[in-house]
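Student: I've just opened this one up and I'm new to it. Could you walk me through it with some questions and answers?

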Amino acid sequence: MNINGTLVNYYFHCKRQCYLFGNRLNLEDNSEDVQIGKAIHEEKAEEKNTEIAIENIRLDKLTSEYITEVKKSDADVNAAKWQLIFYIKVLKDKGIIRKGRLEFKEKNNKTNKTEIIEMTDELERELEMYVYNIEELLEQEEIPPVIHSSKCKKCAYYEYCYI
């Protein structure tokens, strides 16, 4: 399986979501939150034509100093952080060294947040472990259990898990 940033994000957000998406059960086209996220990305791409696709990843923006990942909210900062760390590593493996810039564009546009991430040897080792864990998760026979969290209500897989 070719691991991508979405799988890394989902691994931290919900193992079940990661498993389902990684095993080609995509319910995201029906999700309003996913559509909002895509609209934000499309708007930024039209604005500056900055989105870049490299192999199996899509970067929101790449400058001489940063890889920037834009999220519509800071609902799961840890998942977004590891997705960006994954992107930093993919570029590093290609000889492109950048810091990461994580931007959260809240719906009301009044509370935007930014976080800067620099790759360290420790983060790189942790990432390798997580990528291995994701590969193992995707090869499992059984779907991980529902996590029963408040975040489930906004998930694209809600109906699959609960209805």
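**Salt bridges first**

Tutor: Sure, and keep in mind that this is a predicted model. Let's begin with K89, which forms a salt bridge with D93, and the closest N and O atoms there are 2.5 Å apart.

Student: How many residues apart are K89 and D93 in helix α4?

Tutor: K89 and D93 both sit in helix α4, separated by about one helical turn. That spacing in the helix comes to four residues.

Student: Is D93 buried or exposed?

Tutor: Start with its partner: K89 has 15% relative accessibility, and because buried means under 20%, K89 counts as buried. For D93 the relative accessible area is 55%, and the cut-off for exposed is over 50%. So D93 is exposed.

Student: Which helix holds E124, the residue that also pairs with K89?

Tutor: The side chains of E124 and K89 meet in a salt bridge, at 3.2 Å from N to O. K89 lies in helix α4 and E124 in another helix, so the pair ties together parts that are 35 residues apart in sequence. The helix of E124, covering residues 121-139, is α5.

Student: Which residues are joined into one network by salt bridges that share partners?

Tutor: K89 pairs with D93, and K89 also pairs with E124. Both E124 and K89 are buried. Salt bridges with shared partners make one network out of K89, K92, D93 and E124.

Student: How many salt bridges does a search of the whole structure find?

Tutor: Besides the pairs around K89, there is one between D74 and K113, where the closest N and O atoms are 2.4 Å apart. Searching the whole structure gives a total of nine.

Student: Where is K113, the partner of D74?

Tutor: D74 is in the loop between β4 and α4, and its partner is 39 residues away, so this bridge links distant parts of the chain. D74 is partly exposed at 25% relative accessible area, and K113 is partly exposed too, at 43%. The place of K113 is strand β6, residues 113-117.

**The chain as a whole**

Student: What pattern does the chain follow along the sequence?

Tutor: The secondary structure comes to six helices and six strands. Reading along the sequence, you get the pattern α-α-α-β-β-β-β-α-β-β-α-α.

Student: Is G100 buried or exposed?

Tutor: G100 sits in strand β5, which covers residues 99-104. G100 and I67 are 33 residues apart in sequence, yet 4.9 Å apart in space from C-alpha to C-alpha. The relative accessibility of G100 is 0%, and because the cut-off is under 20%, G100 counts as buried.

**Two loop residues**

Student: What is the phi of R24?

Tutor: Most residues other than glycine have a negative phi. R24 is in the loop between α2 and α3, and at 69% relative accessibility R24 counts as exposed. R24 is not a glycine, but its phi is positive, near 70 degrees.

Student: Where does H148 lie?

Tutor: H148 has a positive phi as well, about 50 degrees, although it is not a glycine. With 62% relative accessibility, H148 counts as exposed. H148 lies in the loop between α5 and α6.

**Empty space and surface**

Student: What is the volume of the largest cavity?

Tutor: Rolling a probe the size of a water molecule over the atoms shows where empty space is left. In this structure there are two cavities of 30 Å³ or more. The largest has a volume of about 100 Å³.

Student: Which element gives the largest share of the lining of the largest cavity?

Tutor: The lining has 13 residues, and the closest to the centre are C14, I147, C152, C155 and C161. By class, nine of the lining residues are nonpolar, two polar and two charged. The elements that give two or more residues are α2 and α6. The largest share, three residues, comes from α6.

Student: Which residues make the nonpolar surface patch of about 310 Å²?

Tutor: One of them is Y162, found in helix α6, residues 158-162. Y162 has a relative accessible area of 31%, and because patch residues need over 30%, Y162 makes the cut. The patch is made by Y158, Y162 and I163.

Key:
Residues numbered from 1 in each chain as written. Predicted model: local features only at pLDDT ≥ 70, side-chain atom pairs only at ≥ 80, totals over all residues. Heavy atoms only, no water. Patch = residues over 30% accessible without salt bridge, like charges linked within 9 Å, V, L, I, M, F, W, Y side chains within 5 Å. Areas by Shrake-Rupley, 256 points an atom, 1.4 Å probe, with all protein chains shown as cover. Salt bridge = Lys/Arg side-chain N within 4 Å of Asp/Glu carboxyl O. Buried < 20%, exposed > 50% of the residue type's maximum accessible area, 1.4 Å probe, protein only. 1 Å grid on protein atoms, 1.4 Å probe; cavity = no way out; pocket = protein on both sides within 12 Å on 5 of 7 lines; lining within 4 Å. Points joined across faces, edges and corners; volume = space filled by probe spheres on them. Nonpolar A, V, L, I, M, F, W, Y, C, P; charged D, E, K, R; others polar.
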